[in-house]
Amino acid sequence: MDVDLDSTLGCGQAHRWHKVDDSWEGVLGNEVITLTQTPDGFECEGTDDENLILDYFRHDDDLDSIYEECARSDEFVSGLIDRCRGLRILRQPHYECIATYILATNANVKRIGAMVEGVCRTFGRNLGGRYSFPTPEEILAKKDLIHECRLGYRADRFIEYAQSVHDGTFDPDALESTSYEECVEALLRIKGVGPKVADCIALFSYGHLEAFPIDARIGNVLRDRYGVEGSYKKLAQYARERFGRYAGYAQEFLYHADFIE
DNA sequence: CATCAACCTGATCA
DNA sequence: ATGATCAGGTTGA
């Protein structure tokens, strides 16, 4: 499979991967996975279920044609693609992705990672050095320990989300076959999920590649490079029209534009 | 619908 | 050293 682990796992879309020496170590389900880059893909240790990994990396995505289509829509984007070769949008488990992005509001990448590891260490199962992402039941059973995770005002939202999944009020898997619009609409009903987080989840978990999450950084790029400013709705609409059905991939490319002076 | 202060925490900067 | 400001936003007024 055509993939570059560094850009895919290090770009901030997933928060449980650490680069150790030459390999990426992470947790998928109840397994600690180690991935090592090879010329035409990667070697995988830690699971017998190869399909699990392939699905996680959305191996069906034809990177060449996606990149080509992004490049065609925009000259600036096409100039950025070379530095992102092999970057794949992931397909992260729904429940876990939503919970993670509830924590991701108004915090930098480093702190998000610290919060996520914190809840895993506090509530999850010890897999030998790494911890599984806790189930709603595991969280609720020990919810008094939530303060140890130092989530700040996100703590209540995190617990409330776990509760809603536990009691069936919200079913992450039920959004599996919904359209992008329906998906976002449902996600927005979760406390702690606003338009940006909903787009992240729609893109990184439900595979809606037209989703275009706009954080502060992307907002700067849109302003400086495209001269557009305004509400989230306005910017998102502009982006989807401009970048088309793979706007989510274009967003990843633009995310790296910030580093160029 | 648009605007805006408040919000936990930890890191960075004056 | 101690205080202000900001960081992958959302909420409620």
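## Close-up views of the predicted model

**View 1. Helix 5 (residues 94-103) packs against helix 8 (residues 154-166) at an angle of about 160 degrees, and their axes are 9 Å apart.** That angle makes helix 5 roughly antiparallel to helix 8, since an angle over 145 degrees counts as such. The crossing in which helix 5 passes helix 8 is right-handed. Please keep in mind, here and in every view below, that this is a predicted model.

**View 2. Helix 5 also packs against helix 10 (residues 195-204), at an angle of about 150 degrees.** The axes of helix 5 and helix 10 are 10 Å apart. Helix 5 and helix 10 are therefore roughly antiparallel to each other. Here, too, helix 5 passes its partner, helix 10, in a right-handed crossing. If you are new to such views, two packed helices are described by the angle between their axes and the distance between the axes. Helix 10 is worth keeping in sight, as it returns in the views of DNA strand C, where it contributes three residues to the nearby surface.

**View 3. Four strands make up an open sheet with antiparallel pairing.** Going across the sheet, the strands come in the order 1-2-3-4. Strand 1 (18-20) and strand 4 (41-45) stand at the edges with a single partner strand each, so one side of each has no neighbour in the sheet. On average, neighbouring strands of this sheet are turned by 35 degrees against each other, with direction ignored. As general background, strands of a sheet pair through backbone hydrogen bonds, either parallel or antiparallel.

**View 4. Strand 2 (residues 23-28) and strand 3 (residues 31-38) are joined by six bridges in the antiparallel sense.** To find your way along the pair, look for E25, whose bridge partner in strand 3 is T34. L28 has E31 as its bridge partner in strand 3. The two strands form a hairpin with two residues between them. In that turn you will find G29, which has a positive phi of about 60 degrees.

**View 5. On to strand 4: strand 3 and strand 4 run antiparallel and are joined by five bridges.** A hairpin links strand 3 to strand 4 through two residues. T36 stands opposite E43 in strand 4. T34 stands opposite E45 in strand 4, and T34 is also the bridge partner of E25. That makes T34 a handy landmark for moving between this view and the previous one.

**View 6. DNA strand B is surrounded by N106, R111, R150, L151, G152, Y153 and R154.** By class, the residues of this surface divide into two nonpolar, two polar and three charged. Of the atoms of DNA strand B that come within 4 Å of the protein, sugar and phosphate account for 59%.

**View 7. Three arginines place polar side-chain atoms beside DNA strand B: R111, R150 and R154.** For R111, such an atom lies 2.6 Å from a base oxygen of the strand. For R154, the distance to a base oxygen is 2.7 Å. R150 points us to the backbone of the DNA instead, with a polar side-chain atom 2.3 Å from a phosphate oxygen.

**View 8. DNA strand C has 24 residues around it, and the closest are G12, G192, G194, D215 and Y255.** These surrounding residues divide into twelve nonpolar, eight polar and four charged. Sugar and phosphate make up 53% of the atoms of DNA strand C that come within 4 Å of the protein.

**View 9. C11, G12 and Y153 make polar contacts with bases of DNA strand C.** A polar backbone atom of C11 is 3.3 Å from a base oxygen. At G12, a backbone N or O atom lies 2.3 Å from a base oxygen. Y153 uses its side chain, with a polar atom 3.2 Å from a base nitrogen. Y153 is also among the residues around DNA strand B. Looking at the whole surface near DNA strand C, the elements that give two or more residues are helix 6 (109-123) and helix 10. Helix 10 supplies the largest share, three residues.

Key. Residues are numbered from 1 along each chain as its sequence is written. Chains are lettered from A and ligands numbered from 1 in the order in which they are written. This is a predicted model: local features need pLDDT of at least 70, side-chain atom pairs count only at pLDDT 80 or more; totals for chains, interfaces and linings use all residues. Side-chain values use heavy atoms; hydrogens and water are left out. Two strands pair if DSSP finds at least two bridges between them. Axes are lines fitted to C-alpha atoms, for helices over the stretch in contact, and angles run from 0 to 180 degrees between N-to-C directions. A residue is near a molecule or strand if one of its heavy atoms lies within 4 Å of it. A polar contact is a pair of N or O atoms within 3.5 Å; within protein, one must be able to donate a hydrogen and the other to accept it, and residues adjacent in sequence count only if both atoms are side-chain atoms. Ala, Val, Leu, Ile, Met, Phe, Trp, Tyr, Cys and Pro count as nonpolar, Asp, Glu, Lys and Arg as charged, and the others, Gly among them, as polar. Angles under 35 degrees count as roughly parallel, over 145 as roughly antiparallel, 65 to 115 as roughly perpendicular and the rest as oblique. A crossing is left-handed if the near helix is turned anticlockwise from the far one by less than a right angle, and right-handed if clockwise.
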